[in-house]
Amino acid sequence: MKIPLKHSGEYGSGIIRALETGIPLRINCNVKNNGLITNLPDGCCVEVPSLVDKEGIHPCCVGDLPAQLAALNRTEVNVHELAVRGIVEKDKNKIFQAILLDPLTSAALTIDETRKMVDEIFAASQQYLSDYK
């Protein structure tokens, strides 16, 4: 019985093929921002067009995003930075503040509901988070 093969559309096999054969491939790739999107902070994760070949993955410079898109992205970057700071410092309050600043959370929950949700998550995960202050 012959099994039909159909490409799933995922990037993995294409990236490996480009790296191994040198046949170029264009993808959108999540990478560290090093001036690729000029009106977003360096170091944050950005998704940009990238070229893949035998030499590796080469992210393309995008330049400035339109102001409204950069503002929306900076909002998310701020949430992520505060969450990471809370994780690194093991500070439950900073994690609460990050979740509170998330646009979807703040649109759906009150401050008290958000606090309750965070408390419930920490209680359910106590065995992993016991050293958080």
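Two strands are said to pair if DSSP finds at least two bridges between them. The exercises below apply this rule, and a few others, to a predicted model.

**Exercise 1. Describe the order of helices and strands along the chain, and state how many of each there are.**

Solution. Begin with the totals, which are 6 helices and 3 strands. Then follow the sequence from its start, where the elements appear in the pattern α-β-β-β-α-α-α-α-α. In this pattern one helix comes before the strands, and the other helices come after them.

**Exercise 2. Work out how the strands are joined, and in which sense they run.**

Solution. Take β1, residues 25–32, together with β2, residues 45–53: these two strands pair in the antiparallel sense, and the pairing extends over 8 bridges. As a single example from this pair, L25 has V52 of β2 as its bridge partner. Next, turn to β3, residues 56–59, which is joined to β2 by 4 bridges and also runs antiparallel to β2. Here L51 stands opposite H58 of β3, and the link from β2 to β3 is a hairpin that passes through 2 residues. Putting the steps together, β2 has bridges to β1 and to β3.

**Exercise 3. Compare the radius of gyration of the chain with the value for a compact globule of 133 residues.**

Solution. The reference value for a compact globule of this length is near 14 Å, whereas the chain itself has 20 Å, so by the globule rule the chain exceeds the reference. The extent of the C-alpha trace can be added to this picture, for along the principal axes it spans about 55 × 50 × 30 Å. Burial can then be considered, and buried residues make up 26% of the 133 residues. The exposed area of the chain is about 9300 Å², of which carbon and sulfur atoms supply 59%. Finally, among contacts between residues at least 6 apart in sequence, 43% join residues at least 24 apart.

**Exercise 4. Locate K90, describe its backbone, and decide whether K90 is buried, partly exposed or exposed.**

Solution. First find the position: K90 lies in the loop that runs between α2 (67–88) and α3 (92–101). Then look at the backbone, where phi of K90 is near 55 degrees, which is a positive value in a residue other than glycine. For the last step, recall that buried means under 20% relative accessible area and exposed means over 50%. Because its relative accessibility is 33%, K90 counts as partly exposed.

**Exercise 5. State how far apart the mean positions of the positive and negative charges are.**

Solution. The chain has 14 positive and 17 negative charges, and the mean positions of these two groups are 4 Å apart.

Terms used:
Residues numbered from 1 in each chain as written. Predicted model: local features only at pLDDT ≥ 70, side-chain atom pairs only at ≥ 80, totals over all residues. Heavy atoms only, no water. Rg over C-alpha atoms; globule rule 2.2 N^0.38 Å. Buried < 20%, exposed > 50% of the residue type's maximum accessible area, 1.4 Å probe, protein only. Contact = heavy atoms within 4.5 Å. Areas by Shrake-Rupley, 256 points an atom, 1.4 Å probe, with all protein chains shown as cover. Lys, Arg positive; Asp, Glu negative; His and termini not counted. Charge placed at Lys NZ, Arg CZ, Asp CG, Glu CD.
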